[in-house]
Amino acid sequence: MPIAAFTWTEFAQQLAAGIREGAIYAGLALAIVIIYRSTRVINFAQGEMATFTTFIAWSLMNQGLTFWEAFPIVLAIAFTGGVVIERTLIRPVENAPVLTIVIITVGLALLLNGLMSLIWGGANQQFHGPFSTRTIDVGGVPISVQDIGIVAVSVLLVALLALFFRFTKLGLGMRAAAVNRDSSRLVGVRVSWMFALGWGIATVLGAVAGMMIAPVVFLDPNMMQTILLYAFAAAVLGGLDSPVGAVVGGILLGVTITLLGRYVGFIGSTLKLPAALLLILVLLLVRPGGLFGKVAVRRV
Amino acid sequence: MRTRLWLELSAFVVLAAVVVLLPRFVSDFRARELAIVGMYFIALLGLSVLTGFSGQISLGNGAFMAIGGYTTAILSVDGFYGHQVRDLWTIPIAGVVAGIAGLVVGLPALRLSGLYLALITFGIAVSFPQLPKEFDHFLGGTTGKILNLAKPPFGLSTTANNWIYYLTWGIALVLLVAAWLLVRGKTGRAFKAIRDSEVAAVSSGISLGRYKTLAFGISAFYAGVAGSLYAIANAYVNPDVFPIILSVYLVVGLAVGGLDSLFGMIAGAALIYFLQNHADTVARWLNHLPALSLDPQKPGIPSVVFGIVLIAVMVLLPTGVGGLVRRLFGPLTTRLYTRS
Amino acid sequence: MRVFVVCAAVAVMAVASAGARPVATPGVSSDEIHIGSSVPLSGEAAIAGNVARGIDAYFKYVNDKGGVLGRKLTYTYLDDGYDPGRAVNNTIRLIQQEQVFAVFSSLGTNNNLAVRKLLNDAKVPQLYVSSGATTFGRDYKKYPWTIGYIPPYSEEGEIYGRYVVKNIKKAKIAVLYQNDDYGRDLLAGMKRGLGKKAKSIVASVGYDPTSSDVQPQVTQLKASKANVLMVFAFGKFSLQAFNAVSRLGWKPQIFVNDVSSAASLMAIVPQKAANGSISIVFGKDPASPQWANDKGVKLFQSILRKYGNGASSRDLKDGYFTAGMATAYTLVNTLKKAGKNLTRQSLMNAATHLTERGNPFVLPGIVIHTTPTSRFPITQVRLQRWSKGAWRTFGPLVSAKPG
């Protein structure tokens, strides 16, 4: 089929959509990286946890709360939920092989997905986000206010987290625990609780990502499944142990996939993700730790 | 050491006996189900060699199964230069084609390790279902390819399901023996050395490149054979027959079976089959526990059941069924040294 | 090695084999007829599974009134999660373990394609397939045991095409379609309906069902400056398309395909974009005020209340349940026509010589009609327009029988 002609207006709109997609991947990828850094586990349930918390927000809003009223409540629930899951499911098996723990997260994903269908049904639901669906004129190009809002919230969240890690004692403790458990214990860091904190923060990130994207793609139990795949790719691209990498990787991936799918004929919609993954693989061959990551030192 | 050998041999004999006699005691349809368990078992044997013995995590073996399945489908439907190939003879071809793909994948895998490798192989599992959609002329698109129903050869008077059962488990037993010999031999020792410490392995003269790619090739061959059998049993392939989640379920089966326990893979295979297809039965069993009321017809219950059982099994048996068996039989097979 | 394996297997089988002997007419006894379906009860397409629940309720109603010629209907429906591999497993289980008489109203184009050959090879009726793929009615020479039911997608597309030619001057058409047989069936039909005006299509973009959002595709379509948009998209992608159209400030005449036109879906998209959308319909939409006092809809609701196994008030307005009952009504008619001496062959004969009027769940005036060479039971539809939160039909019954 013919590719429609190139116009700068459309390009700008596709770019904006790509950045917005990328912001969502970045949020989820950041959550994955935070958990990986602390507990060395890839959390396969990250997407389902995000969707679950979004459903909670939806329920609250159905009871009459506005978005901004429900928002802090959901974040609190998300944080608590993440901590509880880490304490009950991950901590007891922390000495088991990594693969075992990863399988537990797979089980958790299945469980949450089933619970969502059970509690809220499988139909698509409308989610009223905080941003209007108007478009505003940015240099002659109509851009959706929603897209701008999503990117703004994501940037704000990442900035807050960066400040937290950099300038607070708790953040320092988390970073220390991720780098070297034993030394951290020696200086008084409660390593085990740092991990729980990591899971809590990761779940909050997921909740925000979910609440941002639900107005666009409609809420249903399977909402985050494809997005989680992209988030894994973004995390690998940026380097699994680099939060900065997760964010950069997410945005880069979002833009690349959108533009590739639109402007490279034979890739189209079907081969977007495989093409992106191939590019990431090539990158990893050159830099095995991703853009910003470090390759683990091999000990004899 | 000798005790262990006798234990494993007797386990094999018991298994073979059960395989031969079981269809007499179960329904025809159940034989078909057990055949599919056998196919998962074959794929898990390969994955055990790769991940359990050589330490390379793969979340992409579902794609190798797909390669095997599609090879069988293309050869039996479109044929080779117009000549339709009998489904039986496509099985080894499918295995080899998948095996070659595995060797190819093994090459870049040399540069990656740990969870980077896991996620890249996962990327393969994600990407592969897209290929038949893109090259739909050759690979059938989402409509897929429809094969002729499996029929027992040489006019044997048995049902199609029993035929599939014996074919699958016959191949499974042979491949089990092959895997067992492999891991006990020089190659297996090289794999284990690499798994335990790559640096040490290299300094003992083991070629990392050769063995790591070989492991991928072997595991892909096994997966390809399993996929081929699956295509024959279903008489149908399309991208959804080998979905992304299949690769995840294979790793689940691997963990439940106990990474490097070949016999344990039977438990893993059984678990992933029955949780997918008989979650309703499991739900009914669980209903006997107090305070649980799981109506199998309600949406989401099968997933909930699958998730709960999976978590429970992994928390209770972190080293899988194989690990449990080793702990139980361990005292028998280790010499006790006493010091006075 | 391979030869050794096969010989071993053969030797072993000689010991153990004992094939099952086929029953006279499976699934039929003096007081029971056993029918089976494979439908999605979980996963993405789970709401479509309500078709089976509608059928189940209707069968129970019929049983209470004495059944069909003295036989009660037993209905077994299995979940396939919209996965063709599981549909194959389910169907094999239905014929081998459950020993059903016929497989009926299984849902999903790919699911039905996956089992079509095995059902035909086993000479089991594949009746009233719940999919609009044209092949189910068209390819009867190769698959004589298969017959469709709902209006085929190619016909639907053709009706839209003809409408545009007749009613929209200077039309510039953009098409968003799902990149598989379902979407392409609709697109091909529409091109046929445009005839000489096929050049009116200024842009068509396919999307893959693994996409997370179709905004990039809609953005591309808007850039073509079209004034008509065909949404040949499934479920949530259709919803996202409306969302994107609204967010981009675009106001084309939208046509949305029947499968995605459920009132429950249309109600949650931005109404600014949804108002004025056109679709086709063959059944009475229980959510529309147009049929609020209709006897057929009232019957549907009373059956669902009594036999619906806990139907909610939302279910009473769900068109999927009605579609299920319509199909069940036709099946009961077909069974009656096949007579007391019920065999699979007599069932297929009845199904291919059908003339049914007065199905209470489809639009008044529709005649459900088949002949052995024309296997599209429902080909008459009406156009409907969405406004103020509901669908309302307009115009006469139209039809564009597929070739």
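In helix α6 of chain A, the residues G173(A), M174(A) and A177(A) meet V191(A), M194(A), F195(A), L197(A) and G198(A) of helix α8(A). By class, this contact of α6(A) with α8(A) is made of six nonpolar and two polar residues, with no charged residue taking part. The model in which this packing is seen is a predicted one. The axes of α6(A), residues 169-179, and α8(A), residues 191-217, come within 9 Å and cross at roughly 105°. Since angles of 65 to 115 degrees count as roughly perpendicular, that crossing makes α6(A) roughly perpendicular to α8(A).

Chain B offers a second helix pair to set beside this one. There, helix α9(B), residues 186-196, and helix α11(B), residues 208-234, have axes that come within 10 Å and cross at roughly 105°, which makes α9(B) roughly perpendicular to α11(B). From α9(B) the residues A190(B), F191(B) and I194(B) take part, and they meet L208(B), Y211(B), K212(B) and A215(B) in α11(B). The residues of this contact divide into six nonpolar and one charged, with no polar residue among them.

**Chains A and C as a whole**

Chain A has eleven helices and two strands, and from the N terminus on its elements run α-α-α-α-β-β-α-α-α-α-α-α-α. The radius of gyration of chain A is 20 Å, close to the 19 Å that the globule rule gives for 300 residues, so chain A is as compact as a globular protein of that length. Chain C, by comparison, has 14 helices and 13 strands. For chain C the radius of gyration is 22 Å, close to the 22 Å that the globule rule gives for 403 residues, and chain C is therefore as compact as a globular protein of that length. The table sets out further values for these two chains.

| Chain | Extent of the C-alpha atoms along the principal axes | Buried residues | Share of contacts (separation of 6 or more) between residues 24 or more positions apart |
|---|---|---|---|
| Chain A | roughly 60 × 50 × 35 Å | 55% of 300 residues | 73% |
| Chain C | about 70 × 60 × 40 Å | 61% of 403 residues | 69% |

**Where the chains meet**

The contact between chain A and chain B takes 40 residues from chain A and 37 residues from chain B. On the side of chain A that touches chain B, the helices α4 (98-120), α9 (225-238) and α11 (272-286) of chain A each supply at least two residues, and α4(A) gives the most, with 15 residues. The residues on that side of chain A divide into 31 nonpolar, eight polar and one charged.

Chain A is also in contact with chain C, where 34 residues of chain C meet 31 residues of chain A. The elements that give two or more residues to the side of chain C that touches chain A are β6 (201-207), α8 (215-222), α9 (235-247) and α10 (263-266) of chain C. Of these, α9(C) gives the most, with seven residues. By class, the residues on this side of chain C divide into eleven nonpolar, 18 polar and five charged.

**Two local views within chain C**

Helix α3(C), residues 84-96, can be checked against the length expected of it. At 1.5 Å a residue, its 13 residues should span 18 Å, and the end C-alpha atoms of the helix are 18 Å apart, which agrees. Eleven of the 13 residues of α3(C) are buried, so the helix is largely enclosed by the rest of the structure. The buried residues of α3(C) are P84(C), G85(C), R86(C), A87(C), V88(C), N89(C), N90(C), T91(C), I92(C), L94(C) and I95(C).

The second view is centred on S105(C), which is placed in the loop between β3 (102-104) and α4 (109-121) of chain C. Because 20 or more other C-beta atoms within 10 Å are needed for a residue to be buried, S105(C), with 30 C-beta neighbours inside 10 Å, counts as buried. Not counting residues up to four places away in sequence, S105(C) touches S37(C), V51(C), I55(C), Y128(C), S130(C) and T327(C). As for Q126(C), this residue and S105(C) are 21 residues apart in sequence, while their C-alpha atoms are 7.9 Å apart in space.

Conventions. Residues numbered from 1 in each chain as written. Chains lettered and ligands numbered in written order. Predicted model: local features only at pLDDT ≥ 70, side-chain atom pairs only at ≥ 80, totals over all residues. Contact = placed C-beta atoms within 7 Å. Helix = DSSP H or I, 4+ residues; strand = E, 2+ residues; numbered from the N terminus. Nonpolar A, V, L, I, M, F, W, Y, C, P; charged D, E, K, R; others polar. Axes fitted to C-alpha atoms, helices over the stretch in contact; angles between N-to-C directions. Parallel < 35°, antiparallel > 145°, perpendicular 65-115°, else oblique. Rg over C-alpha atoms; globule rule 2.2 N^0.38 Å. Buried ≥ 20, exposed ≤ 12 C-beta atoms within 10 Å, placed from the backbone. Expected span 1.5 Å × (residues − 1).
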